[in-house]
Number of protein chains: 2
Amino acid sequence: MQIVITGGAGMLGKKLAREILKRGALTGAGGTPVPVDRIVLFDNIEAPDIPRDPRVSFIAGEIFDAALVRRVIAGDTGSVFHLAAMVSAGAERDFDLGYRVNLDGTRAVLEAARALARPPCVVFASSLAVYGGADMPETIEDGQAPMPQTSYGAHKTMGELMVSDYTRKGFIDGRSLRLPTIVVRPGKPNLAASTFASSIIREPLAGREVVCPVRPDSVMPLLSPRRATAAFLHAHDLPAAAWGWNRSLMLPSHDISVGEMAEALRRLAGEDAYRLIAWRPDPAIEKIVNGWPRRLDARRACAMGFTADSSMDEIVAIYIEDDMKPVEG
Amino acid sequence: MQIVITGGAGMLGKKLAREILKRGALTGAGGTPVPVDRIVLFDNIEAPDIPRDPRVSFIAGEIFDAALVRRVIAGDTGSVFHLAAMVSAGAERDFDLGYRVNLDGTRAVLEAARALARPPCVVFASSLAVYGGADMPETIEDGQAPMPQTSYGAHKTMGELMVSDYTRKGFIDGRSLRLPTIVVRPGKPNLAASTFASSIIREPLAGREVVCPVRPDSVMPLLSPRRATAAFLHAHDLPAAAWGWNRSLMLPSHDISVGEMAEALRRLAGEDAYRLIAWRPDPAIEKIVNGWPRRLDARRACAMGFTADSSMDEIVAIYIEDDMKPVEG
C-alpha cells in the first residue's frame, strides 16, 4: 500500500512519515494492518531532512496542480494525509494564492482520491481557526458553529465540508481534525500568526532572543507535535463506525496563557533563557490570535481516544527530546 | 446603477426584478436611494415571462463561466443578487456539475464583484439545507452549527463562508440569507427535493392530481415567495452596521406539517381539491426532507426586521393573488 502525505516536507509531515516508517503498517479499510510499501511526500519546497528510507520518495509540485496531484495520488494509494496549506498570516497577505492552495488544492486532493479504484482514507488537517466571531464563548464545545475570521479559517471550514461531502457520497473515507496550535515547532518561524508560541520556547532554548507579539494573558490551546502525529494516526486507524456521520473533530488541547508558557521555560531553562523573551505586542498579530478560541472542551475526541498533553513542562520536554538532538534518517 | 440578478429567469429572480422595477430605486452604499437604471437577469435558461421593461435585459450563460460573469457584473453594478444554483436533488444526481454551478459559480460571482471599482452589495441565497445531522435539535436556533447532509447544503455553506470572507476583506458588502422552503412556487416542479411542498397546493388548485412523496407528519419551515422577495430587498437595504461581523442569517418561517398544509388546501379549495393529493412516500425524498430542519427560532432575523407568513392560509392566498392570474409585463 502507498501512503501520500501532502505538505510532506513540513514539520508534521516529516514526523508523520517517520512514525509510519517505524510502525511499518497502517490499518486498512478491512480493519487489519496493511504493510506500507511506499510513502510519497508531496510538497512545494524540498526539505533537507526528508527521512532517508527506501520506502520514501519526494515529489515537488503545487497542491493546486490537479493533474500532478492525480498522478501522485494514484495506483495502490490506500491513505492520504492532507497537510499541505498556506497558513493564516500568509493567506491574509496573498488572498488569491491562499484560495488556490487551500481551496483548489484540497479539491484537487479529494478529486484524485475519488479517482482511485478503492475509496482511500483521507485525513485532513483542519484548524481551530475555523472558530471565531465576537460572540465566541470562553470555552469551545463540540457543537460550536464554525465562524472563521481569517481566509485560512474559511478555507479549512470549506475543506471539512468537502471531506464530509465526498465521504457521504462514498468517494473517500474522510476524517478532519481541528488542530490546536502546535507547540513547540522546531526549525524557523513560519507565516502562521501563531508561530511566536513556538518561537518563545525554541529560540531562548537555543540562546537566541525572541519577540513575543502578544500579551502574557493571551490564552491558547496547545498540542505537541508528538501528540498531533499520534492523533493523525489514531484518526486514520479508527474504524469508520467510530466516526459515524460527523467527520469533523476538535482535538483536545492543553490550554494555557502565554505568560504561563514563558514560566515553564523559566522553570526548565532558567532565568537567563526567560529574559531572552522581549514582550512587544503587535496589534495585527494580537487581533488574529485573540480572535481564536482560548479553551476547548473536546469531549467527543476524548471519548474517541484522543489525548492532550498534560502540562507545558511536558510539551517543552517533548521538544527537547524529539527535536533538540539530531534527527536520525 | 445597474443591478445583476443571477438565476434571474427563476421564480424568485423574476419576482425580485418586478419588485425592484416597481420601487425604481435601491438603497446604495451611502444609505440613500439610488435609481435603478438597468437590471440584468443572468441565467442558463431563458424564461418566457421575463419582465418586459426597457430597464431589463437578459443574458444567457453558465454561472461558472468566470469570464462571462465578469463581463456581466461590470460597469456601475451596485448590487448583485446571487440566486443561481443547482438545487438539492439535482446536485445529488450530478456531483460534478453541482460543484461547478454552486461552488465555482459563486466564486465567479464574488470575483467579478471584487473586480468592480466600488465594492457592491451582494445578497446570496443560501438555504436551510446547511443544517442537518443525526443530532440536529427539533428547533434550530441562530447559533446552530451548519452540518449539511447534501452536496447542495455543503455548497451553500461554502458560499456563505466566501461571502463572509470577501466581506471581511472589504471586497464586497455581503449578506447571506438561509431561506426556508419557498411555498407556493408557481410553474412546474423542479429538481429540489422539496418541490412537492408547492406541488401539493398548486396542482390541486389547477384541478390536477399530485403525488405527495412524504408522510403527513413531516414538518417543514415555509416562506412565501412574496416574503422571500421582500427579505432579499430588506437584507440589501439594511445598513452594514445592522449586519455587523456575522453576514449569514437564518430567516423566520411558518413551520407546519405537510398534513396541515393539505388541510389548508381543503379549507380553501374544498374536498375535491384535497382528494387530488395521493400520499405515496418515496424513501429517497423522505430521507432528504427528514434530514432538514423542522422548526426555526430565528430571533436575530426577527430583531433585524425580517418577518414570516402568519399562516398556511395566508401562504396559499398569496399564491392565488400573485401567481394564479396572468402576470403583467
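The radius of gyration used here is taken over C-alpha atoms, and the globule rule sets 2.2 Å times the number of residues to the power 0.38. The model on display is predicted.

Begin by selecting chain A. For its 329 residues, a compact globule would have a radius of gyration near 20 Å; the value for chain A is 19 Å, which agrees with that expectation. Aligned to its principal axes, the C-alpha trace of chain A extends over about 55 × 45 × 40 Å.

Next, colour chain A by secondary structure: 13 helices and 16 strands appear. Colouring chain A by burial then marks 50% of the 329 residues as buried. In a contact map of chain A, among contacts with a separation of 6 or more, 78% are between residues 24 or more positions apart.

Now select A:Val183 and A:Val184. The peptide bond between them is cis, with omega near 10 degrees. Most peptide bonds are trans. A:Val184 is found in the loop that runs between β10 (181–182) and α6 (196–205) of chain A.

Move to chain B and select B:Val183 with B:Val184, which are likewise joined by a cis peptide bond, omega being about 10 degrees. Here B:Val184 sits in the loop between β10 (181–182) and α6 (196–205) of chain B.

Finally, display both chains and turn to their interface. There, 19 residues of chain B contact 18 residues of chain A. Which element of chain B gives the most to the side that touches chain A? Select residues 151–168: this is helix α5 of chain B, and eight residues come from it. By residue class, the chain B side that touches chain A comprises 10 nonpolar, seven polar and two charged residues.

Terms used. Residues numbered from 1 in each chain as written. Chains lettered and ligands numbered in written order. Predicted model: local features only at pLDDT ≥ 70, side-chain atom pairs only at ≥ 80, totals over all residues. Contact = placed C-beta atoms within 7 Å. Helix = DSSP H or I, 4+ residues; strand = E, 2+ residues; numbered from the N terminus. Nonpolar A, V, L, I, M, F, W, Y, C, P; charged D, E, K, R; others polar. Buried ≥ 20, exposed ≤ 12 C-beta atoms within 10 Å, placed from the backbone.
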